[in-house]
Amino acid sequence: MRVNSPVTNNEFVLDDGKTIVSTTDLKGKIQYANPYFIEVSGFAEDELIGAPQNILRHPDMPAEAFADLWLTIKAGMPWTGMVKNRCKNGDFYWVLANVTPVIEGGRPVGYMSVRTKPNREQVRQADDLYRELRNGNPRGLTLRHGQVLRGGLVGKLARLSHLSLARHIGLGLGGVSLMLALLAVGLWTSGDGSVLHGWLSTLSAVAVVGALYVWYSLHQAIVMPLQQAIGFARKMAGGDLTGALDIPQHNDMGQLLAALRQTNINLHSIIGDVRANFDEIKLATSEIASGNMDLSGRTESQASSLQQTAASMEQLTTNVQQSAGNVASANELAGQASRIAAQGGNIVSQVVQTMGDISTSSRKILDIIGMIDGIAFQTNILALNAAVEAARAGEHGKGFAVVASEVRSLAHRSATAAKEVKQLIDLSLSKVDAGTALTSNAGSTMSEVIESVERVTHVMDEISSATQQQSHGLVQVNQAVNQIDDITQQNAALVEQAAAAARSLAQQAEWVAQAMAVFKLKEIAARRGMPQAHPHAASPATPRLEKNKFKQLA
């Protein structure tokens, strides 16, 4: 016997109202496990599907219990009993197991097990019983169809209560018939020849015939319909709703058969409708799940794009703010240039005015030089006249003549110097005029420069203002994009939750559909010479059940 480990002393108590459902093939390999089975066992779904059922066996379970289980279900009868199972982590849980053979075409193809939560008294009794069986079974207890039978004569007598109705009737009427037959034979062989003896013999023979008739009538009226009802009910319990019942009579047993047939018809109709509806639900949930997955992918892509956009907008905002700072600096520099240009314009105006003053002074100097030149000319004339007069004076005029000559020489030299000064002044005046023209042009140019700088300053002011507004607008746009990004992230999370919910709904619909698949709505002929089941059945997550699983038939 397989021994699973590890084992702990921690009990997992089942929830009220929840059931553990599984189906296996004829070799006991799991083909379907409902979600609660997966949750309680602790195994993953792919670990259970295709694995032997004894993967859950607890070492405390005696071999006698499983021997009785297999003996019962292989005989085509359902088995009900207490089972202690082991979780993957070593914990244990008690279940009240109901194992039913699944019949197709008159042959078993697998087994369905439905486990419910037992009460604590049932757990205590089962724990005591299995401990006694493991400890040598001193009382000689046996298990039959999940029921505990005592050993010895008392146990054998108690087993008589488990006989079928047919055997009870057969044993009862058979005993009566045997006694009557023995009485009739005794009377016939006594040979006294009396009329009373003859009548008693005849009555005994008639009684034997009557007993046989009663047995036949009871067998036809009760035993056969009851066996038919039991077989039909077992097929329904195994999920086979394809059976048909003939009701040859309308007595109490006929009404029982009619009620079973109507129950089968109602279940067939209801399960057929439910299965058809679940087929549509499976399709719808599959489409919803697929659509939500696509929407989730697109939303995540949009969220990623928005994140990139938000990062780009943030970088653009930083660049614009930096540009706004640079424009403000340029605007300040333009203002300084405008002020410097204005100062240069003032200096140039002062230079122009100074050059004008120099030109005026030079012209006054020319006038003075002209006056000096005139004085020198007149002095020269006077010197000539003085020389003439000195010559006329003779000896007395020689000293005066010398003086006159010297005066004439000075006048000549003054005239020459005045002429040279005049030439220099003329040259200076021409240069001063040229300088005045240049400074005038420079003044005009500086005025234009000042005007241009003022216009540049005005434009820079406008650019600075526009840049500040643009920076403020980009900050708002960046905030809006960040808000959209947050909302999109939330939407992506919600869409992902919706997709997960849709997948869960589709999975649950698949589980319900597979749970309903144990009910067969169409007859399938037994396939002789072929294996009835495959150890590696499809997982419950697949869209349809494999043909070797308990057939899902429309």
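How do the residues of the lining of the largest cavity divide into nonpolar, polar and charged? In this predicted model, the lining of the largest cavity comprises 5 nonpolar residues, no polar ones and 3 charged ones. The residues concerned are Glu11, Phe12, Val13, Leu14, Trp94, Lys117, Pro118 and Arg120. The space they line amounts to about 40 Å³. Cavities of 30 Å³ or more number 2 in the model.

Attention now turns from cavities to pockets. The second largest pocket holds about 390 Å³ of space. A total of 22 residues line this pocket, and those closest to its centre are Gln53, Asn54, Phe66, Leu69 and Trp70. Several elements each give two or more residues to the lining of the pocket: strand 1 (20–24), helix 3 (63–74), strand 3 (79–86), strand 4 (92–104) and strand 5 (107–116). Sorted by kind, the lining of the second largest pocket has 12 nonpolar, 7 polar and 3 charged residues.

One stretch of the chain also carries a label from a database record. In an unreviewed UniProt entry, residues 13–50 are annotated as "domain: PAS". Over residues 13–50, helix makes up 29% of the chain and strand 24%, while the C-alpha atoms at the two ends lie 26 Å apart. Strand 1 (20–24), one of the elements that contribute to the lining of the second largest pocket, can be looked for in this part of the structure. Val13 and Leu14, for their part, are among the residues that line the largest cavity.

Terms used. Residues are numbered from 1 along each chain as its sequence is written. This is a predicted model: local features need pLDDT of at least 70, side-chain atom pairs count only at pLDDT 80 or more; totals for chains, interfaces and linings use all residues. Side-chain values use heavy atoms; hydrogens and water are left out. UniProt positions are given in the numbering used here, feature names are shortened, and annotations may be inferred rather than shown by experiment. Helices (H or I, at least four residues) and strands (E, at least two) are DSSP runs, numbered from the N terminus. On a 1 Å grid over the protein atoms alone, a cavity is a set of points where a 1.4 Å probe fits but cannot get out, and a pocket is an open set with protein on both sides within 12 Å along at least five of seven lines; lining residues have an atom within 4 Å of a point. Grid points are joined across faces, edges and corners, and a volume is the space filled by probe spheres set on the points. Ala, Val, Leu, Ile, Met, Phe, Trp, Tyr, Cys and Pro count as nonpolar, Asp, Glu, Lys and Arg as charged, and the others, Gly among them, as polar.
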